[in-house]
Every structure is written in C-alpha cells, then in structure tokens.
Amino acid sequence: MKKVIVVEDHQILLESISLLISTIPDIELVGKASNGQKAMQILEKESVDLIVSDVQMPVMNGVELVWKVKQQYPQIKILMLTVSEDAQTIKDALQAGADGFIFKSAEKEELEEAILSLINNKKYFSDKAILSLAEAQNEVYISEKEALKSILTDREIQILKLISQELSGIQIAEKLFISPTTVESHRKNLFQKIGVNTSVGLVKYALKHGIL
C-alpha cells in the first residue's frame, strides 16, 4: 500500500478529494491538512509516498510546501491540484520540484491516473497544464519578436535578412541601391542594438526571434 496525504484549505474539497483517493486500489490515505505547515507536521509522524496538494493556501502555500518537502523528503512525490490555469503558477510548481499537475475540474479517472503515474515514478501533467505552458511560451516568443522589430528600422531588418543570405556589403549595397558605407553603418547599428559582434551573431539572434 502506498501512503498518501491530501492538502487543501477548503474543507468540502478536502473531504471530497480524500474520499476519491481512498477508493483507489493499493492507496492508503494517511492524513489530511488544510495548509502546507500542517502537512509538514504530518510528515514528521507519518511515512508518506505521495502528497496531493492545492496551490493557493494560507500560512504555507502549495509551492512553498513543494520546496520544503523536496529539501527534507526528496523521495516523496507531489501532485499539484488546482483551479488556476495561470502558466506562471504551473512554472513555479515545476521549478519547486512538483512531479505532476492537474486541475480540480479533472475527472476521477484522471486523478487516479495521475496518482498511479507518480507512484510508479513517472511524471504526470494534464493536457490543460501543457497547453497553458505552451500558450505562455508562444506569447513570450511573440512579444520578444515584436520588441526586437520595434527597435530596428525597416531598413535594418531588410539588411539583416540579406546578411542572413550571406550577401557581402557590396552585394547588399547593389541590391538596395545604397552605398557600401551606408550598409556598413547599418551593420554597426545592428551590432549595437542586438548586442553581438559578428554577422553570425546577427543571424542567430534573428532566427531565434523570428525575424527571418
């Protein structure tokens, strides 16, 4: 039997989640707590395999609980259970060391799947959690791309694209009907704005931020 405790500050949810978990085969519910601090007190007395914890709680929240547990009891698996779809909340939990993340809207079957995955030394993240992280990452990518475009002139972007095609300064000048000196001036401005020292650096940065 694997021993589990549930940490949730809302009493009705605490009882409901505990009841669901108690029906899972080979799982023994050995404790319930209303915040992270009380959960740590349980761990001082009980040998626990898995913690199912809310994120937002008074006294000691779920992320703080994960940090403490992973420092003192690194073998314990932790499944975060929350209503929040905020990507930063998910990131914070992952950075703290959470082994799984699902939402309170999940069906009993998913909760059971998540618990059994963690018990078997696997990670479990719901599709919604993965989607939230992906969308957040895409927003960061777009904002960085737009920020880069906002500091570069249209001509600088044009020249950056031609540099990426391995055209020389003279070839770029001929293509844009400007002097090689003007091309070199734009190149120096690109170095300064982007913070690199070579044409290769310009291309790498432009590729990373979707300019090319």
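The following legends describe close-up views of salt bridges and one loop residue in a predicted model.

**Figure 1. Salt bridge between D54 and K104 in the predicted model.** The closest N and O atoms of D54 and K104 are 3.3 Å apart. This pair connects distant parts of the chain, with the two positions 50 residues apart in sequence numbering. D54 belongs to the loop that runs between β3 (50–53) and α3 (62–72), and K104 to the loop between β5 (100–103) and α5 (108–119). The relative accessible area of D54 is 4%, so this residue is classed as buried, the limit being under 20%. K104, in contrast, has a relative accessible area of 23% and is therefore partly exposed.

**Figure 2. Salt bridge between K108 and E112 within helix α5.** In this pair, the closest N and O atoms lie 3.4 Å apart. Both residues are part of helix α5, where four residues, or about one turn of the helix, separate K108 from E112. K108 has a relative accessibility of 31% and counts as partly exposed, because this value falls between the limits of 20% for buried and 50% for exposed residues.

**Figure 3. Salt bridge between R187 and E184 within helix α9.** The distance between the closest N and O atoms of R187 and E184 is 3.4 Å. Helix α9 comprises residues 180–194. Because R187 and E184 are three residues apart in this helix, about one helical turn separates them. The two partners fall into separate accessibility classes: R187 counts as buried at 12% relative accessibility, whereas E184 counts as partly exposed at 33%.

**Figure 4. Network of salt bridges joining E8, D54 and K104.** Salt bridges with shared partners connect E8, D54 and K104 into one network. Among its members, D54 and K104 form the salt bridge of Figure 1, with the closest N and O atoms 3.3 Å apart. A search of the whole structure identifies seven salt bridges, including the D54 and K104 pair, the K108 and E112 pair and the R187 and E184 pair.

**Figure 5. Surroundings of V196 in the loop between α9 and α10.** V196 is located in the loop that connects helix α9 to α10 (199–208). With a relative accessible area of 17%, V196 is buried, since the class requires a value under 20%. When residues up to four places away in sequence are left out, V196 touches F191, G201 and L202.

Key. Residues are numbered from 1 along each chain as its sequence is written. This is a predicted model: local features need pLDDT of at least 70, side-chain atom pairs count only at pLDDT 80 or more; totals for chains, interfaces and linings use all residues. Side-chain values use heavy atoms; hydrogens and water are left out. A salt bridge is a side-chain nitrogen of Lys or Arg within 4 Å of a carboxyl oxygen of Asp or Glu. Buried means under 20% relative accessible area, exposed over 50%, partly exposed in between (1.4 Å probe, protein chains only). Contact means heavy atoms within 4.5 Å.
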